[in-house]
Each structure stands twice: as structure tokens, then as C-alpha cells.
Amino acid sequence: MPMPRRALAAAVAALVLPLSACGSGGDDGGSTDASGKVEGDITFQTWNLRANFKSYFEGLIADFEKKYPGTHVKWVDQPAEGYPDKLSADAAGGTLPDVVNVSPDLVAPLARAGLAMDLDKAAAKYRSEYLPGAWAGHQVPGMSGTYAFPWYLNTGPLFYNKALFQKAGLDPDKPPRTYDELFADALQTASRSGGKVATLANVPTIEDFGRYGVTLMNKQGTAFAFNDTKGVELLTKYKELYDAKALDPQALTATPESSGKKFLTGAVAMNPGSALDLDNFKKNAPSLYRNIGITDQITSTGHVNMYVMGVMVNSHTRHTPAAVAFAHFVTDAQNQMSFAKKVAIFPSTAGSLDDPYFTKEDGTDETRVRIAAAKSLKSAVNYTPVLFSDQMKTALRNEVAKALQGKESPEQALDNAVNAVNRLLRQG
């Protein structure tokens, strides 16, 4: 997974894999029987991790090869840009690595194409080692089975600029805790600043609708349904913010990185983030750091959003025991804990979040953020549906933009978005 300034700040892009790729491995692939001797050469692919974590992964691989003499792991790392396309091309060409770093929305088309190994069959004995919600994270609606080991999790707080709150006549020690409070504070901030200070910098995404309590899919998981009354209500609120410049005018084209820069320079009053951000604030925006406020994600459901990363085994690997053993090794409790101490992410293994590293205060903001995030992860939800592809995200974003610009009503925009994503779902 790419590790930008904000680790897992946004749900990753999904790939669209043609079902014809299901034959790409031919009949010479492996099986789900992982009980044989762990040996052979396998390839492990990560997602934009070499630059920052080269020594960690080299040590991890060396430890595995020492534990299992006769194995050799070739590590390849792909850049963040174009990763879904690279996976799709490898899947279609029969060159998918044995063990692959994926997210739920990336694993879904691979599973449907028969290229992701069902770990409920191949690795059932390991299931109890992981948090139940994390293990379920790589299950695909309409299919039985689990198609990747859970790896790391992430979530984060909302940061806010206390100085900007004070200028707007708001209490800097009482950040908004509900959506109604957020929208009211945002309108007041925009009004007091003459439209120069926005409170939010991103348009609502599928996870925002989920956090607001919108029903994202029908009970059968066969169609999207976020154009309900609550969905229209949320988009209508964002339209009001946009018109008042309480939502940044450039939000229609914003990325997590560009939003982060706006927050850094004081053009935006609030921004989601992780413990990683605090060090960035300290180094690059000391005045912001002195005025930084930290509060919980705002949600109507009582459950914050969680991002999930996984490690998939190629169902056509010729070395099933080695591939399954290595995927488990990467994601076991010891190695996840070691990785979590190098970067602000959280292990998906049962009991790990009770470690003192995630529970014991030391007086620093970094630790306070880490402890709060770890606590919230125990009941967090991955609001991005597994089947919500990159094309679907684009379709929703386009319709949201039309609503904010006044080209369509919020109702019409969400109806159009739901129709578009359901067409894509049927095609998939």
C-alpha cells in the first residue's frame, strides 16, 4: 500500500479485471492444500513500500528463509501510481506474483476471476490469530471464502486549527462532535472570514455517506442504495457549505495531499489524518503545530472508518505451502507489531491492540493519537464496499460535483450515481 504523508488517508483505487483473466494461470497452477513441505522460489509484491521500509522487508525475508531452508523469496515493489493497472495486466498475462499486497477492493475482482486463493480452505488454522472484523475484510459479496490475510489497519482523528476556530468566534477547546455542529461551525467560520477560510477541503465520498449513516447497499449486497433520504440530506448539506465557501472551492478536484497542504497553510480549518501528520506539522508548520487540535472522527453510527490492507496468495502459485506460509509470516502478530512500530499503522492480529504501545500514555500528542486510534479500531468499520470499484468512485464524484455546482439537484445526482454504479456492478 502506498504510504503517503497520511498513511492510508483515503481508500485505495480498485481495479477492473476482465473475467476472461480467470484462465490466465492455465492448469499448471497450485491447489489450496498448504500442508506440504515449505520450499521453492516465490515472488512477493508490495505497494510503494521499498523507499521507506527496505531494511524491514529485507530482514523479514531473511528471517523467513532462515526458518524455512530451501525457500527463496524475490521481493518486488510497485509504485503507487498505476498499481491497479499493473495488477490487472499481470492477472491477464498470467504473471501475477505468488504473494501480493492488496486491499479489499483490489482483491474482489481477482477473487471473482479465480486468481485469489480461498484462505478459509488453505489457511483456516490461522483464522483465530486475527481480529474477526479484519479477517472478514477480504470477503467478497456473493462468494464464500476469504481471499487475503489481514495485514495492517489504519484510522485517524480529525485535526483542527485552534487559531482559526478562535478567529471565527468558536471555542477552540470544543470542536464539533456531531454533523450538525460541524456544519454550523463551518458556516460560521466561512462567514466570519469573508469566505477566505473553509472548514472542509474534500467532497463526500462513499465512506462519508457510510459514516453519516446512509444505507450503502441493499441487504442482499447485490445493488447500491445510497440515494436514500439520508444520502440526499448529506449532499444537500455539502451543497450549502459549497455555496457559502465553507467547503473549499477547489474541493471538486482535491486529493488528500492537496487538502493536507491547504490545512498546513491555514486555508482550511479541519482535516482528517493520522499520527504521522503530527511530525509533519512540527517540522513544516510549527505555528500550526502550536495551535493543533485533535478530535475524533465525526460519525452518526458510533463507528469510525477503518482502512484495511491484506496479503493475497495467487491461486495459481506452484508452491502453495511456501506462498501460504510466507503470507502468514508477513502478517503474524510478531511481524505486524514490528511493522507498526516503524510507521503509524495498526496490527490486525487478535490481542495486539492491547499491547502497552497502544494503551499506555506518555504525555505526547503522538501517543495520544495512537492510543485513541487503537481503541476506536476495535469497533471500526470499513465503509468502502468491497465491490465499489475505481470507476464507481469516479461516477459518484462526478455526480456529486454536478450537485455542488447546481447543475443537478442532490436527489437527481445521487439517483444518477446509483444507476451508474449499479450498471457497472452488473457488468462486473
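**Figure 1. The whole chain, built from 17 helices and nine strands.** With a radius of gyration of 22 Å, close to the 22 Å that the globule rule gives for 428 residues, the chain is as compact as a globular protein of that length. Keep in mind that this is a predicted model. Along the principal axes, the C-alpha atoms fill a box of roughly 70 × 50 × 30 Å. Of the 428 residues, 54% count as buried. The accessible surface comes to about 18,000 Å², and carbon and sulfur atoms own 49% of it. If you look at contacts with a separation of 6 or more, 77% of them are between residues 24 or more positions apart.

**Figure 2. Inside the largest nonpolar core, around Phe 57.** This core has 123 residues, and Phe 57 and Phe 226 are the ones that touch the most other members. Once you set aside the neighbours within four places in sequence, Phe 57 is in contact with Phe 44, Thr 46, Leu 49, Trp 75, Trp 151 and Phe 339. There's also a second, separate core, made of eleven residues, with Ala 275, Leu 278, Phe 281 and Ile 292 among them.

**Figure 3. Helix α13, residues 320-331, where the cover is hard to miss.** Twelve of the twelve residues here are buried, so to speak, from end to end. Reading along α13, the buried residues are Thr 320, Pro 321, Ala 322, Ala 323, Val 324, Ala 325, Phe 326, Ala 327, His 328, Phe 329, Val 330 and Thr 331. How far apart are the end C-alpha atoms of α13? They are 17 Å apart, which agrees with the 16 Å that twelve residues should span at 1.5 Å a residue.

**Figure 4. Thr 367 in helix α15, residues 365-377.** Is Thr 367 buried or exposed? Its relative accessibility is 3%, so Thr 367 counts as buried. The side chain of Thr 367 makes a polar contact of 2.9 Å with the side chain of Thr 364. Leaving out neighbours within four places in sequence, you'll find Thr 367 in contact with Lys 360, Glu 361 and Asp 362.

**Figure 5. Helix α16 and the helices it packs against.** The 15 residues of α16 should span 21 Å at 1.5 Å a residue, and its end C-alpha atoms are indeed 21 Å apart. The buried residues of α16 are Met 392, Lys 393, Ala 395, Leu 396, Glu 399, Val 400, Ala 401, Ala 403 and Leu 404. What do they pack against? Their partners are α3 (104-112), α8 (206-212), α9 (229-243) and α17. Just after α16 comes Gly 406, with a positive phi of about 80°.

**Figure 6. Gln 405, in the loop between α16 and α17.** The loop sits between α16 (390-404) and α17 (410-427). Gln 405 has a relative accessibility of 39%, so it counts as partly exposed. Not counting residues up to four places away in sequence, Gln 405 touches Lys 239, Tyr 242 and Leu 252. The side chains of Gln 405 and Lys 407 are joined by a polar contact of 3.5 Å. For a sense of scale, look across to Lys 167: Gln 405 and Lys 167 are 238 residues apart along the chain, and their C-alpha atoms are separated by 28 Å.

Notes:
Residues numbered from 1 in each chain as written. Heavy atoms only, no water. Core = buried A, V, L, I, M, F, W, Y, C linked by side-chain atoms within 4.5 Å. Buried < 20%, exposed > 50% of the residue type's maximum accessible area, 1.4 Å probe, protein only. Contact = heavy atoms within 4.5 Å. Helix = DSSP H or I, 4+ residues; strand = E, 2+ residues; numbered from the N terminus. Polar contact = N/O pair within 3.5 Å; in protein donor to acceptor, adjacent residues only side chain to side chain. Rg over C-alpha atoms; globule rule 2.2 N^0.38 Å. Areas by Shrake-Rupley, 256 points an atom, 1.4 Å probe, with all protein chains shown as cover. Expected span 1.5 Å × (residues − 1).
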